[in-house]
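Me: I have a protein chain here and would like to talk it through, one question at a time. Could you help me read it?

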Amino acid sequence: NMLRARQFAEDAGPMSHPIRPESYISMDNFYTATVYSKGAEVIRMYRTILGKDGFRKGMDLYFERHDGNAVTCDDFLSAMSDANDVDLSQFGRWYSTNGTPTVKYESKYDADAKTFYLT
């Protein structure tokens, strides 16, 4: 897929940067595969976590608040959070962290209890 083929490679190299860099040299080098592809993945995660109806509520509030205005990633996050009365503040880290995220986990299966533990 394009995200793994292009954006993951970019995010692992010397051109790695967050979706929302703290600074940039010029606007013509700002909109990269990271900004578009990784940004789209973050929005997809909102949709997955909030569900179709929750995401729609967040979008409605976002447009109600910001239609016709310049906005930030934080404005989008706030609308999603406020519309659904959930704390999504951890998403702010996705906007300001470069590199490909790594998820670490441990698992254990208790055959007697037929229970799978994931931590």
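Me: Thanks for looking! Which ring does the charged end of K108 sit over, and how far is it from the ring's centre?
Reply: Happy to help, and please keep in mind that this is a predicted model. A lysine counts as sitting over a ring if its NZ is within 6 Å of the ring centre and within 35 degrees of the ring normal. The charged end of K108 sits over the ring of Y117, and its distance from the centre is 5.3 Å.

Me: Which residues make the nonpolar surface patch, and what is its area?
Reply: One member, Y109, belongs to strand β1, which covers residues 107-110. Its partners in the patch are Y105, F116 and L118. Together, these four residues make a nonpolar surface patch of about 530 Å².

Me: Let's step back to the overall fold. In what pattern do the helices and strands follow along the sequence?
Reply: The protein chain has 4 helices and 2 strands. Reading along the sequence, you meet them in the pattern α-α-α-α-β-β.

Me: What share of the residues is buried?
Reply: Here, buried means under 20% relative accessible area. The protein chain has 119 residues, and the buried share of them is 34%.

Me: And what part of the accessible surface belongs to carbon and sulfur atoms?
Reply: The accessible surface of the protein chain comes to about 8,600 Å². The part of that surface belonging to carbon and sulfur atoms is 53%.

Me: How many aromatic pairs are there, and what is the geometry of Y46 and F76?
Reply: Searching the whole structure gives 4 aromatic pairs. For Y46 and F76, the ring centres are 5.3 Å apart and the planes are at 75°. Planes over 60 degrees apart count as edge-to-face, so the pair of Y46 and F76 is edge-to-face.

Me: Where in the chain do Y46 and F76 lie, and how many residues apart are they?
Reply: Y46 is in helix α2 and F76 is in helix α3, which runs over residues 73-84. Both Y46 and F76 are buried. The pair links distant parts of the chain, with a separation of 30 residues.

Me: What is the geometry of the pair Y62 and F76?
Reply: Y62 lies in helix α2 and F76 in helix α3, 14 residues apart, and both are buried. Their ring centres are 5.1 Å apart, with the planes at 80°, so this pair is edge-to-face.

Me: Which residues do ring pairs link into a cluster?
Reply: Y46, Y62 and F76 have already come up, and they belong to the cluster. Adding the other members, F63 and F91, gives a cluster of Y46, Y62, F63, F76 and F91.

Me: Is H66 buried or exposed, and why?
Reply: H66 is in helix α2, residues 33-66. Leaving aside neighbours within four places in sequence, H66 is in contact with V71 and D75. Its relative accessibility is 18%, and the cut-off is under 20%, so H66 counts as buried.

Me: Which residues does N84 touch, not counting those up to four places away in sequence?
Reply: N84 is found in helix α3. With a relative accessible area of 16%, N84 is buried. Beyond its sequence neighbours, N84 touches L50, G54, K57 and G58.

Me: Last one: how far apart in space are R44 and F55?
Reply: R44 has its place in helix α2 and is partly exposed, with a relative accessible area of 40%. R44 and F55 are 11 residues apart in sequence, and their C-alpha to C-alpha distance is 9.6 Å.

How values were computed: Residues are numbered from 1 along each chain as its sequence is written. This is a predicted model: local features need pLDDT of at least 70, side-chain atom pairs count only at pLDDT 80 or more; totals for chains, interfaces and linings use all residues. Side-chain values use heavy atoms; hydrogens and water are left out. Patches are made of residues with over 30% relative accessible area and no salt bridge: like charges are joined within 9 Å, nonpolar side chains (Val, Leu, Ile, Met, Phe, Trp, Tyr) within 5 Å. Accessible areas come from the Shrake-Rupley method with a 1.4 Å probe; for residues, only the protein chains shown count as cover. A salt bridge is a side-chain nitrogen of Lys or Arg within 4 Å of a carboxyl oxygen of Asp or Glu. Buried means under 20% relative accessible area, exposed over 50%, partly exposed in between (1.4 Å probe, protein chains only). Contact means heavy atoms within 4.5 Å. Rings of Phe, Tyr and Trp (its six-membered ring) pair if their centres lie within 6.5 Å; planes under 30 degrees apart count as stacked, over 60 as edge-to-face and the rest as tilted.
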